[in-house]
Amino acid sequence: NELTDEAFGEWRLQGELETDLSLQLNLNDVGAAPQVNLQARPRDAELLILPGDLQVHGINGQLEYSSERGFSSSALVGELWGQPMQVGVAQLHRGEAYDPATSSLQVSTELDVAMTDLQQWLAHLPLDFMQGRTRAAVSIEAPPGQGPVVRVRSDLRGVTLDLPQPFAGGPGGRRPLSLEVGLGREQMTVQLDLEQRLRLDLNLVGGDLHSGALGFSRRPAPLRSGQLRIGGHLPLADFGEWQSFLRQTFSLELGALVGEATGTAVAEQLEGGAEVAGTAWPEVHIEQLQVDSLDLWGMHLRDLVFSLAPRGKDWKLAAELDWLRGELTLAGGTEVSRLELDYLDLDRLQWPADEEGAAEQGESGDSGAPDLPDFDVVARGLYRNGRPLGELAFALRSQAQGLRAGGITGNIAGLELWDADDNELSWGGSGQGQTSLRAQLHFG
């Protein structure tokens, strides 16, 4: 380690080792570094790479070190995760020549990797959605004085990805994967790139997720302490598929975000400190996520942009479509949630799903439209077929045949609504095509 400026860190080699050492000393210059040439021949040796707890067994072959060229290898073999491999050892130079203060040591191989072995090694991360075995190129780079960096490259042939569309895939497909894991004594960094369509950056400290960022078809946002930031662009998404995936993988009920639970339950699921695979996760932040096509309870939503972020004890969900623009406050504690709509075209509102949509929900695992909690609603811009209709404030409830707004005040179609307790507006499902109003109207 002294000769290589701690390139091996805390690596531990055990077993039989034959060595040939050539050492040249300049006796005329006591300060001159010695010239070293070393040949080491391990015999069924064991290597433990720390930090990272990577164990290589059955090491045989020849390892060479030269103070002029650094490390190299010849006919070096071993076994990682139960799979035999041929190993190459080389130096990566910042400059033109080997410098122990700047040159990194690289150990590279290619082998079959079972996803179960990868999951056990990265036990802090929920990677159960990957099943099977694939051929992978694996390298370990050890920069001087730093923790090792493990890189895995594979096309994932032979691996099934149990992910929502458009990321799901069977074992016969080719989906380039890049995984980079930086191993420190207390800190681990993870960078995952799947087909450049799903990119994930994580920073774990002491086994807990300190920060993370997920980008769809875009580079993830910069890491921010205590947050899991999600953004980017999805060509399509099915609510039922994502709800099932998040429930199984993260124990998170996505339905809570849109009303299948009270605001308190939503806050409890999304606030920092929840555990996934034994790891504490930070609070979720969704930032301007674009979805071209979203299937939601039989509705086919196009060109959706939405965000989710905490505001004190509350959570803010903002959404924008060509027929809807507004913000939902999911209140914590005993407060009533609040929905503020800047724009809503009633002719485009579909609730609940029609028969065709219901059939599609059954295939995707979605159980249908949710039972909404109580909302105080302020609709500042109501439209019908693109024409201004008025503005209303009311209490929103769901019912078997659609949505009901009670206690309405405001104006609609030029008419003022009085006696709020007697005013009621109902929207029927898309299969019924009915909108009904019962109100005390004032003709001004």
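Student: Which residue takes a positive phi in the hairpin of β11 and β12?

Tutor: That's E195, with a phi near 60°, in a hairpin that has three residues between its strands. Keep in mind that this is a predicted model.

Student: How do you know that strand β11 and β12 pair?

Tutor: Count the bridges. Pairing takes at least two of them, and eight join β11 (residues 187–194) to β12, with the strands running antiparallel. On that reckoning, β11 and β12 count as paired. If you want one spot to look at, find Q191: its bridge partner in β12 is D201.

Student: And what about β12 and strand β13?

Tutor: Eight bridges again, in the antiparallel sense, with β13 covering residues 208–216. The cut-off is at least two, so β12 and β13 are a pair as well. Here L204 stands opposite L209 in β13. The hairpin of β12 and β13 has two residues between the strands, and G206 takes a positive phi near 60° there.

Student: What makes strand β12 largely enclosed by the rest of the structure?

Tutor: Go through its residues, 198–205: six of the eight are buried, so the rest of the structure largely encloses the strand. Buried here means under 20% relative accessible area.

Student: Why is L234 called buried?

Tutor: Its relative accessible area is 4%. The limit is under 20%, so L234 makes the cut. You'll find L234 in strand β14 (residues 227–234). Leaving aside neighbours within four places in sequence, L234 is in contact with P166, F167, F216, Q290, V291 and D292. Take D292: it is 58 residues from L234 along the chain, yet their C-alpha atoms are separated by 6.4 Å.

Student: Okay, now L27. Why does L27 count as exposed?

Tutor: Same test, other end. L27 has 74% relative accessibility, and exposed means over 50%, so L27 counts as exposed. L27 is found in the loop between β1 (12–24) and β2 (35–49). Together with L21, L23 and L25, L27 makes a nonpolar surface patch of about 480 Å².

Student: How many aromatic pairs does the structure hold?

Tutor: Eight. One of them is F167 and F216, which is stacked, with 5.7 Å centre to centre and 25° between the planes.

Student: What makes that one stacked?

Tutor: Two checks. Centres must lie within 6.5 Å, and planes under 30 degrees apart count as stacked. At 5.7 Å and 25°, F167 and F216 meet both. F167 lies in the loop between β9 (159–161) and β10 (177–183) and F216 in strand β13, so the pair ties together parts that are 49 residues apart in sequence. F167 and F216 are both buried.

Student: Why is the pair of F216 and W242 called edge-to-face or stacked?

Tutor: Edge-to-face! Their ring centres are 6.0 Å apart and their planes sit at 75°; the term needs over 60 degrees, so the name fits. This pair links distant parts of the chain, with F216 in strand β13 and W242 in helix α2 (residues 239–250), 26 residues apart. Like F216, W242 is buried.

Student: Which residues form one aromatic cluster?

Tutor: F129, F167, F216, W242 and F245.

Student: And zooming out, how many helices and strands does the protein chain have?

Tutor: Four helices and 29 strands. Of its 444 residues, 44% count as buried.

How values were computed
Residues are numbered from 1 along each chain as its sequence is written. This is a predicted model: local features need pLDDT of at least 70, side-chain atom pairs count only at pLDDT 80 or more; totals for chains, interfaces and linings use all residues. Side-chain values use heavy atoms; hydrogens and water are left out. Buried means under 20% relative accessible area, exposed over 50%, partly exposed in between (1.4 Å probe, protein chains only). Patches are made of residues with over 30% relative accessible area and no salt bridge: like charges are joined within 9 Å, nonpolar side chains (Val, Leu, Ile, Met, Phe, Trp, Tyr) within 5 Å. Accessible areas come from the Shrake-Rupley method with a 1.4 Å probe; for residues, only the protein chains shown count as cover. A salt bridge is a side-chain nitrogen of Lys or Arg within 4 Å of a carboxyl oxygen of Asp or Glu. Contact means heavy atoms within 4.5 Å.
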